[in-house]
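Trainee: Could you walk me through reading this model, one feature at a time?
Mentor: Gladly; have the sequence and structure open beside you.

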There are 2 protein chains.
Amino acid sequence: MTPKEAYDTLISEVVKVSLLLSVRGLLTWDQRTYMPKKAARFRGMQYSVLAEYAHDFITSDRFRSLLERAEEGDWERNSREGMNLFWLRREYDHQMKLPKELQLRIVKLATEMEVLWREAKRDDDPSKVLPLLKEMVSLKREVAERLGYENEPYDALLDGYEPGLKATEVEEVFSYIKTETVKLLRKVMEARERGKVPNRELFAGRYPVARQREFNLFLLREIGYDLDAGRLDETTHPFAVRITPNDVRITTRYKEEDLPDGIFSTLHEMGHALYGMGLPEEWFGEPVGNAASLSVHESQSRFWENVVGRSPEFWERFYPYLRAFFPNLYGAPMEEFVFLINDIRPSFIRIEADELTYNLHIILRFELERAMINGQLDVSDLPEAWNEKFKEMFGMEPPSHREGFLQDIHWYSGSFGYFPTYTLGNVMAAQIRAKMSDEIDLQRAVREGEFARILGWLRSKIHRHGALYLSKDLINLATGEPPKAKYLMDYLARKVERFYG
Amino acid sequence: MTPKEAYDTLISEVVKVSLLLSVRGLLTWDQRTYMPKKAARFRGMQYSVLAEYAHDFITSDRFRSLLERAEEGDWERNSREGMNLFWLRREYDHQMKLPKELQLRIVKLATEMEVLWREAKRDDDPSKVLPLLKEMVSLKREVAERLGYENEPYDALLDGYEPGLKATEVEEVFSYIKTETVKLLRKVMEARERGKVPNRELFAGRYPVARQREFNLFLLREIGYDLDAGRLDETTHPFAVRITPNDVRITTRYKEEDLPDGIFSTLHEMGHALYGMGLPEEWFGEPVGNAASLSVHESQSRFWENVVGRSPEFWERFYPYLRAFFPNLYGAPMEEFVFLINDIRPSFIRIEADELTYNLHIILRFELERAMINGQLDVSDLPEAWNEKFKEMFGMEPPSHREGFLQDIHWYSGSFGYFPTYTLGNVMAAQIRAKMSDEIDLQRAVREGEFARILGWLRSKIHRHGALYLSKDLINLATGEPPKAKYLMDYLARKVERFYG
């Protein structure tokens, strides 16, 4: 068998397994939307059996020998073949380095810990979950040791979410963001003290859910999300899922008393979905047909949610429609609405944070999880470490652990190294915005509803490449530079100037 | 390896594959309810890959050798082990006797023919579909030859839907039903001529779909369909699907101007679903954990739809609620409603037929498909043969082929041998009713809403046995007799007497 033949055989089997695994997307979507609750146990078994098929396949001798033979070919690194082999080798090594029992122990511990975390959060009682968290950190360190790393254990975990990225690189980007953000935040706080705050009273009232649903669907259609290749449903925690290339669904949530919440949830998930729809269909099932990384995924959701969705131009276009759907807004000027959705004020909860302070929340988590994994912070000291650091960064102390280190599910479901991708997504979104602006008059395009031009740019520069490049290289290719936080801070500085200057 | 060990290994692998295949239920449900339309092509590929996994498994050497070794054990025929091996052997032989290409040709032809059938029906033009139907009949004859049969080719196909059943047995049952039905129908027609007809005018009007939805959910809850282990959604063609033991969903349809249509669709599918929910959960994934046969399935849907749902007692209980939901019924006496839903009048369309003439529609199809498969009727003569036979049985000729041989999808999707199971289901439902009445005062139980007693009887006598017995044996076990058409005809005779006597 020639390397080419081995490659072709390998890929055709990989595509078959991917197609099989693609049904997981539907299982998940169904579970979170319409599944009857008693179906949960067998649903869990359906996931397990799919995982077993995938695991058996990738750890088989056949897989290994096809992979090894294919790798003997003379492939260019960023060719379709070269990158497919890169991703498959990565996945194979990953599976082989981590014993099945270790993987199962982590899954089991995460399942138990999620339950205890909910209780700990409800009762504001760290002692309920800290022992298990300590165990999880130690298992994750074992994972890091087994996977291997150059500089520090944390890198091995970070790599799982953002291939190739090192903690020192993150640190550099984040320390710049931190300094600049603190400066900007000071400016904002001074302005707020001078009374520069949006008039929230103007927007108090009820916005019927049925109407919100219609308005959100209207926005999706206007922007170009294809409802014949997707859906909009409702869940407590909004999400996007790509089942197959022409079936990329999103969910959102509606609060009767909070109109922007639903809109920005929808725009965020729509950003993820547009990326999913733009990935090359003919590569479906091959590793290169996937998204490049979590950061790149997040850059797409933040681009539509924040860069486009919170811009004054977006509402110059859509505020008249919003008023048509919700006549109670007739007393509220557009400018007040735009200020409201761009208002900056420190808060304890990450998912309620504004665009500026959001990154501080992430930096805090990055520093803490890095210290825990690298063994510089003992898990039992986490609660105090959190509160101290929070005070240092935000100038206020969380009134409870519920609003402190217990707020996010990530660590309690075993995710370490995930948080940084959120802020890296913001970094990339701002950089994409800057680069796109060289070619498209972005403000004008948004004001005139030429979303096809914007989406077209993203498709040709980002989406269509799938996972043909690591995220850093992809951003370099798309914007001429690797990810730089400068664009994000410039963008935020202009925002602060516009609303609080 | 002992036979016992081979059996245990075989079953654990079978259960794993069944669990994998169980996701097909969700794929189908989703496809017919909420799937975005552009997802169709990849959805088709998802089905194919699942079918391929199943096919590879069952035709593997490993499967065969485990099966053969297990069969050397000393199992009782109707033990869990004995019947599991019976069904697996049957499936194995079936797969081995039919070359993959033949199976694929049939699937492909069916897919093409369905499209042409829709056109032929729309244009009332037999020539559009007859050539393909001829080809399908010849492929189905090839299937019959390969599968083998004792008496006639049709038996081999019938066996696919109703294991062990012979066409001569069906013929015997059907000829009795035919004779008795024609007699009863004459009586009805005479009464109708004397003006014995329900007053349809009383029910003209609009019944808002949202209200119908609520009423149907109310009925489901009252009867005991567990909405935490199922759902009710809406599709053009109602169906029931068992995804896993605690996830058995149904759909129905609502017509704003036809209130009974939705109700009886719901009750019918609920009957199927209650059977699915009653199958032994601990046998899930094993062949014995399935339904016994299509006829038995249909007996359960017809039992709830007709025996219970069309009974006067059911409406003694629920008509007051129906009136509460739809106040326009205040001018219509309950007795008129009960007459309306039990009205007997010959019609051209099977799915619109009443309980009595329905079986004539089936007998007609049985006779024609049997003749085609056995080579006694050329496909090109089907249109005239249909019309002739219809006139002979119903005393009127279809005004179009659309209302004639083109009305049902079955043949055009390659299903031959399926139709008889509908009437056999009616036969069983009436027999179950008769036997149950020996133990439960059925009229009183329905009137008083003691559906748990009725469902309990069905669960203990039918559902919990799964596929541990062939349908004939199961009915024998549950009622003390193999299926006999006498009970159906007695039941229908009483019905005719009550409404037209």
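Mentor: Let's begin with domains, whose bounds come from an automatic or database domain assignment. This is a predicted model, in which local features need pLDDT of at least 70 and side-chain atom pairs count only at pLDDT 80 or more, while totals for chains, interfaces and linings use all residues. Residues are numbered from 1 along each chain as its sequence is written, and chains are lettered from A and ligands numbered from 1 in the order in which they are written.

Trainee: Which domains does the assignment give for chain A?
Mentor: Domain 1 covers 1–97, and domain 2 covers 200–343 + 421–479. Taken over C-alpha atoms, the centres of domain 1 and domain 2 of chain A are 30 Å apart.

Trainee: How many residues of each domain of chain A take part in the contact?
Mentor: Two residues are in contact if their C-beta atoms, placed from the backbone, lie within 7 Å. Domain 1 of chain A gives 18 residues and domain 2 of chain A gives 16 residues. Helices are DSSP runs (H or I, at least four residues), as are strands (E, at least two), numbered from the N terminus. On the side of domain 1 of chain A that touches domain 2 of chain A, α1 (3–33) and α4 (80–97) of chain A each supply at least two residues; α1(A) has the largest share there, 12 residues.

Trainee: And how do chains A and B meet?
Mentor: Their contact takes 28 residues from chain B and 27 residues from chain A. On the side of chain B that touches chain A, α1(B) gives the largest share, 8 residues. That side divides into 16 nonpolar, 5 polar and 7 charged residues. Here Ala, Val, Leu, Ile, Met, Phe, Trp, Tyr, Cys and Pro count as nonpolar, Asp, Glu, Lys and Arg as charged, and the others, Gly among them, as polar.

Trainee: What turn lays chain B on chain A?
Mentor: Copies are superposed by least squares on the C-alpha atoms of residues with pLDDT of at least 70 in both. A turn of 180° with a shift of 0.0 Å along the axis lays chain B on chain A with an RMSD of 0.1 Å. That is the relation of a two-fold axis. The copies meet through the same surface, because 96% of the interface residues of chain B are also interface residues in chain A.

Trainee: Which residues of helix α13 of chain B are buried?
Mentor: A residue is buried if 20 or more other C-beta atoms lie within 10 Å of its own, exposed if 12 or fewer, and partly exposed in between, with C-beta atoms placed from the backbone. In α13 (residues 334–342) of chain B, the buried ones are Phe337(B), Val338(B), Ile341(B) and Asn342(B). Seen down the axis of α13(B), they fall within an arc of 125° (taken from the directions from the helix axis to the C-beta atoms), so they line one face of the helix. Their cover includes α10 (259–278), α12 (312–325) and α20 (486–500) of chain B.

Trainee: What should I look for in backbone angles?
Mentor: Most residues other than glycine have a negative phi. Asp124(A), not a glycine, has a positive phi of about 50°. Asp124(A) lies in the loop between α5 (100–123) and α6 (130–147) of chain A. With 14 other C-beta atoms within 10 Å, Asp124(A) is partly exposed. In chain B, phi of Asp124(B) is also positive, near 50°.
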